[in-house]
Amino acid sequence: HHFDEHFQILEFAGLKLGLTEAQNLPWEYEEKMRPAIQPGLTVLLYKAFSMLGVSSPFTFTLITRLITALLSFTATHLVYQYFKEEFTSEKIKKWFLYFSLLMWVVVYNGVRYSSENWSELLFIAGFLLYFQKKDKTKFQFLIIGLLMGLSFLFRYQTAVMTVGFFAWVLFLNKEKIKHLLTLSIGVLLIICLGVVIDKWYYGEWVLSAWNYFEQNILLGKTQYSGTSPWYWYITQTFLQGIPPLSILLICGVLGYLAMFRKSVVTWIVFPFVLIHFLIAHKEIRFFYPVLFLTPYMMMKFLQKLEEAKFPDLIEKKGFNIFMKVVFFANYLFLILITFKPADSNISLY
């Protein structure tokens, strides 16, 4: 989907595997600003499947997508299982299941071996684990912290989501300070692990998270890739998300954030969205870490809209016609992404 999937992960791993040379890597390598955890994971996977006779890079990248797809399907299923009881309307509950598993952009992103996707998967795992049991042990709090720390290592921007989650846990859920400290210890342990992995990769002690912040934010190098106005995400989501599905997506997410201000999902998503609106360089993929939560937000917004503003909304003829068009467009793009590679050059290669 994006050059970073190749150059910032596979090529970084290729250096350690002897498949490329340092001068062929992007400028981020010289600045030591990329976390080495996913390239390290790639090295392990490559060596493991090489022992099984896998040599084709096309087969290997297919394997990474299949592994990612399995994790993504599990995550979307668990999100549905956790939130489904909040829906009183059977029709909306069915739509929630449908969009969780079959919304084309969720499926498309669900196979991407990208930092955005893997950070999302790890964050969702920690997020859901927190709500599994009311009385959790210290070990469970530690595991949640470890998972959210791993989410940060795969993509640094998810730190905003973790901070939002911690704030909700402390201020609205009234969690004990000692439990929050245990969560924090888990995060810090993983950050320390990340420093060790970076030492293995770069050959010296570095703090790649700081280097990333310094180069992209303090020195503003992200702006070299182009800048966009604050409303760019709205217009591009409308176009790239494919209307009328994108209309439901935009209204659902923004409506949810406005109507459910005390929800843990809002405390996770809102600061993440706000920060990206403020950053000058914008790409739709930057929002992928919250993608698995969007079907829930869309359907929860619809249910609230029906309960508070428009009784029997989902039974009205006009709305049902709108939804039929949404489903048709979604199926059309599901078929398209099933048979078309994310990169059109694959056919040539």
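1. In this note, helices are DSSP runs of H or I with at least four residues, numbered from the N terminus. The structure under discussion is a predicted model.

2. Three cavities of 30 Å³ or more are present in the structure. The largest cavity has a volume of about 240 Å³. Its lining comprises 22 residues, of which Ile9, Arg34, Ser115, Phe154 and Arg155 are the closest to the centre.

3. Several helices contribute to this lining. At least two lining residues of the largest cavity come from each of helix H1 (3-16), helix H3 (37-51) and helix H7 (115-130). The greatest contribution is that of H1, which supplies four residues to the lining of the largest cavity.

4. As to chemical class, the lining of the largest cavity consists of seven nonpolar, eight polar and seven charged residues.

5. The second largest cavity has a volume of about 60 Å³. The residues that line the second largest cavity are Phe152, Leu153, Tyr156, Ile191, Gly194, Val195, Asp198, Leu207, Ser208 and Ala209. Two or more of the lining residues are given by each of helix H8 (138-154), helix H10 (177-202) and helix H11 (208-218). With four residues, H10 gives the most to the lining of the second largest cavity.

6. The class composition of the second lining is also worth recording. Seven nonpolar, two polar and one charged residues make up the lining of the second largest cavity, whereas the lining of the largest cavity includes seven charged residues.

Conventions: Residues numbered from 1 in each chain as written. Predicted model: local features only at pLDDT ≥ 70, side-chain atom pairs only at ≥ 80, totals over all residues. Heavy atoms only, no water. 1 Å grid on protein atoms, 1.4 Å probe; cavity = no way out; pocket = protein on both sides within 12 Å on 5 of 7 lines; lining within 4 Å. Points joined across faces, edges and corners; volume = space filled by probe spheres on them. Nonpolar A, V, L, I, M, F, W, Y, C, P; charged D, E, K, R; others polar.
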